[in-house]
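Reader: I'm new to this one and would like a close look at a single part of it. Could you pick a spot, stay with it for a while, and then show me how the rest looks from there?

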Amino acid sequence: MFFRNITLFRFPTSLQLDAFDAGLAECALRPVGPMELSTRGFISPFGRDTEGLKHMLDEAYWLAVGGEDRLLPGAVVNDMLQKKLDEIEQKEGRRPGGRTRKRLKDELVTELLPRAFVRPTRTDAILDMKQGIVAIDTSSKKSGESVVSEIRKALGSFPALPLNAEVAPRSVLTGWLAGESLPDGLSMGDECELRDALDQGAVVKCQRMELEKNPEIDKHLQSGKQVTRLALNLDDHVSFVLGEDLVIRKFKLLDGAVDTLENTEREDLRAELEARFALMSHELR
């Protein structure tokens, strides 16, 4: 269950979760209805057919928000609508007006929706009560807000806000790439993105490059470009790309973090997933 991307939200560490179990049960995922486009709700972190809607270790909760989406491509509806309109025009000698077209389209959706394929989705989250942080396995702020909204439904109240910064992240990332000292434990990776300060300006993406003391990159910095994404390593345990939006992308646990996990045999899949969650939540913290 290692996350690939991380969108972060903050909440007060004084938050009480007295009725969390009951709230999760009320907001559990239900099958999408025949006339619904989608549904969302909590599922077991260990799989949809497994009991329990959360897993906790050392004041960190592992949650999973599942979804079911009916796939009804607009192109299919529009193609069938066009054929109906052509038939009416041939029979009546006139093209149906806007109100008729809307009625026919609604009728087609009503007819096709119950037969549409259903696609399951899942988004994992870690609710760290010690840090007051929600970490969601997505790079999309919209998807992150959706998960926070589901937690809010389960709790009744959940004052979580997107992570913010006192100093512009673009300024900090640019300073690091320009040679300023990185915080203890951090080291430079091999990827960055630079942009002109002006909107719609040039964008330079560097991958698999030595970033420090690189003359090519220095020229971009001297021309006024600023860093909007920067690859970093933390304590030789974690690598990731940090964006100016404070979203963590390409999150990866390195050999130094996973050695113990790989060298230990476990009885079943659940035990393996529990061990992975323990490692993930520890490295995230």
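Author: Let's start with T138, which is buried, because its relative accessible area is 11% and the cut-off for buried is under 20%. Keep in mind that this is a predicted model. You'll find T138 in the loop between β6 (133-136) and α4 (141-155). What does the side chain of T138 have beside it? A polar atom of that side chain lies 3.0 Å from the backbone nitrogen of S140. If you leave aside neighbours within four places in sequence, T138 is in contact with N5, I6, T7, S143, G144 and V247.

From there, hop over to the rings. There are four aromatic pairs in the model. One of them is F11 with F158, a tilted pair with 5.4 Å centre to centre and 45 degrees between the planes. This pair links distant parts of the chain: F11 is in the loop between β1 (7-10) and α1 (20-26), while F158 is in the loop between α4 and β7 (161-162), 147 residues apart. Both ends are tucked away from the surface: F11 is buried at a relative accessible area of 6%, and F158 is buried at 2%.

Another pair is W62 with F277, and this one is stacked, with 5.5 Å centre to centre and 15 degrees between the planes. Here too the pair links distant parts of the chain, since W62 is in strand β4 (residues 60-71) and F277 is in helix α8 (residues 269-284), 215 residues apart. W62 and F277 are both buried. They also have company, as ring pairs link F46, W62 and F277 into a cluster. Look at F46 in that cluster and you'll see R270 lying over the face of its ring, 3.9 Å from the ring centre.

Now for a couple of helices that go together, α2 and α3. Take α2 (74-92) to begin with. It has 19 residues and reaches 27 Å from its first C-alpha to its last, close to the 27 Å expected at 1.5 Å a residue. Which residues of α2 are buried? They are V77, L81 and L85. These three cover an arc of only 70 degrees around the axis, so they sit on the same side of α2. Go round to the other side of α2 and you meet A75 and Q90, which are exposed. As for what the buried side faces, the buried residues of α2 pack against α3. Just after α2 comes G93, whose phi is positive, near 75 degrees.

Helix α3 (residues 98-112) can be read in the same way. At 1.5 Å a residue, its 15 residues should span 21 Å, and its end C-alpha atoms are 21 Å apart, so the two agree. Buried in α3 are L104, L108 and L112. Their arc around the axis is only 65 degrees, which means that they lie on the same side of α3. On the other side of α3, R99 and K102 are exposed. The packing is there from this end as well: the buried residues of α3 pack against α2.

While you're on α3, have a look at T110, which lies in that helix. Is T110 buried, partly exposed or exposed? It is partly exposed, because its relative accessible area is 45%, and partly exposed runs between the 20% that bounds buried and the 50% that bounds exposed. The side chain of T110 reaches the backbone oxygen of D106 at 2.9 Å. For a sense of distance, pick out V172: T110 and V172 are 62 residues apart along the chain, and their C-alpha atoms are separated by 53 Å.

One last stop is H220, in helix α6 (residues 215-222). H220 counts as buried because its relative accessibility is 19%, and the cut-off is under 20%. Not counting residues up to four places away in sequence, H220 touches L194, V204 and K225. Set that beside T138, where we came in: T138 is buried at 11%, with N5, I6 and T7 among its contacts.

Methods:
Residues numbered from 1 in each chain as written. Predicted model: local features only at pLDDT ≥ 70, side-chain atom pairs only at ≥ 80, totals over all residues. Heavy atoms only, no water. Helix = DSSP H or I, 4+ residues; strand = E, 2+ residues; numbered from the N terminus. Buried < 20%, exposed > 50% of the residue type's maximum accessible area, 1.4 Å probe, protein only. Polar contact = N/O pair within 3.5 Å; in protein donor to acceptor, adjacent residues only side chain to side chain. Contact = heavy atoms within 4.5 Å. Phe/Tyr/Trp six-rings, centres within 6.5 Å; stacked < 30°, edge-to-face > 60°. Lys NZ or Arg CZ within 6 Å of the ring centre and 35° of its normal. Expected span 1.5 Å × (residues − 1). Arc of directions from axis to C-beta.
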